[in-house]
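This briefing sets out selected structural features for a reader who has the sequence and coordinates at hand. Please consult the display below alongside the points that follow it.

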Amino acid sequence: PLDGGMLFPRESSFREVKELNGLWDFRADGSPNRNEGFEKAWHKRQLAETGPVIEMPVPASYNDITQDPTLRDFIGWVWYDREVAVPARWISDQGTRVVLRVGSAHYYSIVWVNGEKVTEHEGGHLPFEAEISSLIRREPMKPCRITIAVNNTLTLETLPPGTIQYMNDSSRYPDGFFVQNMDFDFFNYAGIHRPVLLYTTPKVYVDDITVETNFMDNTGLIRYKVSVQGGFSNTLNITLMDKDGHFVASSNGSSGVLRVVDVKLWWPYLMHENPGYLYSMKVHLIAVSETSTYEDEYTLPLGIRTVNVTNTQFLINNKPFYFHGVNKHEDADIRGRGFDWPLIVKDFNLMKWLGVNSFRTSHYPYAEEILQMCDRHGIVLIDECPGVGIKDIRSFGNASLSHHLVVMDELVRRDKNHPSVVMWSVANEPASEMPPAEFYFKTLIEHTKALDQTRPVTYVTIAEADMDKGGPYVDVVCVNSYFAWYFDQGRLDIVPLQLSTHFENWYRKYQRPIIQSEYGADAVPGLHMDPPMMFTEEYQNALLQSYHDVFDQKRNQYFIGELIWNFADFMTAQGIYRVVGNKKGIFTRQRQPKAAAFLLRKRYWRLANETG
Ligand code: GCB
């Protein structure tokens, strides 16, 4: 179990937030063993005093920021540092806690404040933090210097896994030449990808909140748990407000049930005229010691809805839900995987234009701000952990599994209160036919269900049904397939037969509802050919259409959703299968539509009418 909660930092009357985004000093450790920074203790002084630094924007991947190909393809430690002026009151007020938080950094991070290590964290895509109150009080007159070292090296035990291969043939490669190999299809962007901030809480504070929602007839039920840290006996007052700020219900104590009369349920986009309805739960804390009083307040947005799965259906609020959506990446020109509001809002506008009611966070957890938008707009999410490319048998070992369990702990802790999250995905396309896969997925899925009893769990597969060993443990079968693309190239005529057989095999084996969690074809925008040929916009359209025909036949049986691969073109490693990245987007990487976007838009709006 993790120590402590990971509430999204929000300002309130008793909490302040200071963003540390902007330009940081940056230096990649290009020494042969990538270890000069530690040997010379770069964190002990200003990075600029250790050698040449460049300006690096935070948040952003560092890879595409400069003209230097060695930085684009760099593997090893990079160092970030900057100074921060801390408000005097944060230092003088002993009743204030100051926390340093990193929204995410890829892959392994170590953080120092004024040369002292405050935390380290394994894994990109999830936040980590450290309390730094006492440290910054030690030398109150000095500015506070934050140093973050980040290493993107992947091993068989990381998530995602990767291997470093040394090329020892000295007639062909220089001394120490190595490459990183990965079994996943996206660029291994690295750096500080999400906002870095300082925030305060009182010394006694609301550390975590968990809500589970339900309803009976017209009454909504919110079962809540609040954990408080910092000692002292305390009083907790919980107030629920509706969207307009009107009082709805109240309670006190660290756990209880709020009853909501005439409940407004949280509904998906296009399933209801008022999707994404959110209440606000205000948690107010007063703690009294002999000498002082502490007061804290945290407001959690929440939606009241239920999720259930039968053998053939996915139910939201007891109504069948059909996923018509996309797979995405956090990916764009220049910033790589860096958090970027204009891009996020543009993507939501494009999704709503398309008639998307859902997406999968392929292949890693997305920024919390994106999940909050999904909550508000009623976009349903399959929340995927970074378990992508687990294909080497050594990645099914104990070290890998233990880390995978911790990642699920961190993911559920972060995302458990989002109404938009309706299912966890523990992996993408693992080698689920290998003998250790059964134990691995049994353990992983049971663990996830123990963490959260309210949501179904899946992993996404590309295996053949008869070979798969992990399926007995999932609630929904998510299948990817690339008929007439990677196999039977150019032969669109085989799609109806192969796809139907594929579905029938999976359904016969497990009797679970099925989602087509990926399908698609690369299209180079502007390339045309009729009759269609691979890589043209016409071929992408024709392939999607032939999949859709089969989906429509299975829709009233056990087939519950379709997620196109991919929403937009995205960057990958270099290789002969990729022409400057993966081109299966229905939008270009710059978010302009290919012909397929119009085909899908027509279909999704029709599906919204037929299934919504
Ligand atoms: C897949 C993977 C996805 C790839 C896609 C492709 O099966 O899950 O990450 O990008 O195929 O285009 O090859």
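The points below cover nonpolar cores, two helices, two buried strand residues and salt bridges.

The model is predicted. The structure holds 36 salt bridges, and its largest nonpolar core has 89 residues. A separate core of 48 residues is also present.

**Nonpolar cores**

- Within the largest nonpolar core of 89 residues, the members that touch the most other members are F348, F359, V426, F441, F503, I514 and I586.
- Beyond its neighbours up to four places away in sequence, I514 touches V477, V479, F503, W506, Y507, Y558, F559, I560 and G561.
- The second core, of 48 residues and separate, includes V204, A249, V380 and V460.

**Helices α7 and α10**

- Helix α7 comprises the 18 residues 398-415, which at 1.5 Å a residue should span 26 Å; the end C-alpha atoms are 26 Å apart, in agreement with that expectation.
- Burial is extensive in α7, where 14 of the 18 residues are buried.
- Helix α10 has 18 residues, 537-554, and an expected span of 26 Å at 1.5 Å a residue; its end C-alpha atoms are 26 Å apart, so the expectation is met.
- The buried residues of α10 are E537, Y539, Q540, N541, L543, L544, S546, Y547, H548, V550, F551 and K554.
- These buried residues of α10 pack against two helices, α9 (495-510) and α11 (595-611), and two strands, β31 (514-518) and β32 (559-564).

**R145, a buried charge without a salt bridge**

- R145 lies in strand β10, residues 144-151.
- Although R145 is buried, it has no salt bridge: D81, the nearest side chain of opposite charge, is 4.2 Å away, and a salt bridge is counted within 4 Å, so this pair does not qualify.
- The side chain of R145 instead places a polar atom 2.9 Å from the backbone oxygen of H43, and it reaches the backbone oxygen of R45 at 3.1 Å.
- Outside its neighbours up to four places away in sequence, the residues touched by R145 are H43, K44, R45, Q46, D81, R82, E83, W112, V113, N114 and G115.

**S109 in strand β7**

- S109 belongs to strand β7, residues 108-113.
- The relative accessible area of S109 is 0%, so S109 is buried.
- Apart from neighbours within four places in sequence, S109 is in contact with T119, E120, H121, F128, A149 and V150.
- From S109 to L527 the C-alpha separation is 43 Å, with their positions 418 residues apart in sequence.

**Salt bridges**

- K328 and D347 form a salt bridge through their side chains, at 2.8 Å from N to O.
- This pair links distant parts of the chain, 19 residues apart: K328 is in the loop between β25 (323-327) and α5 (341-354), and D347 is in helix α5.
- K328 counts as buried at 6% relative accessibility, and D347 is buried at a relative accessible area of 3%.
- D493 and R491 meet in a salt bridge at 2.6 Å from N to O, and R491 is partly exposed, with a relative accessible area of 45%.
- R555 and D552 form a salt bridge whose closest N and O atoms are 3.2 Å apart.
- R555 counts as buried at 16% relative accessibility, whereas D552 is partly exposed at 27%.
- Through salt bridges that share partners, D552, R555, E562, R603, R606 and E610 are joined into one network.

Definitions and conventions
Residues numbered from 1 in each chain as written. Predicted model: local features only at pLDDT ≥ 70, side-chain atom pairs only at ≥ 80, totals over all residues. Heavy atoms only, no water. Helix = DSSP H or I, 4+ residues; strand = E, 2+ residues; numbered from the N terminus. Expected span 1.5 Å × (residues − 1). Buried < 20%, exposed > 50% of the residue type's maximum accessible area, 1.4 Å probe, protein only. Core = buried A, V, L, I, M, F, W, Y, C linked by side-chain atoms within 4.5 Å. Contact = heavy atoms within 4.5 Å. Lys, Arg positive; Asp, Glu negative; His and termini not counted. Polar contact = N/O pair within 3.5 Å; in protein donor to acceptor, adjacent residues only side chain to side chain.
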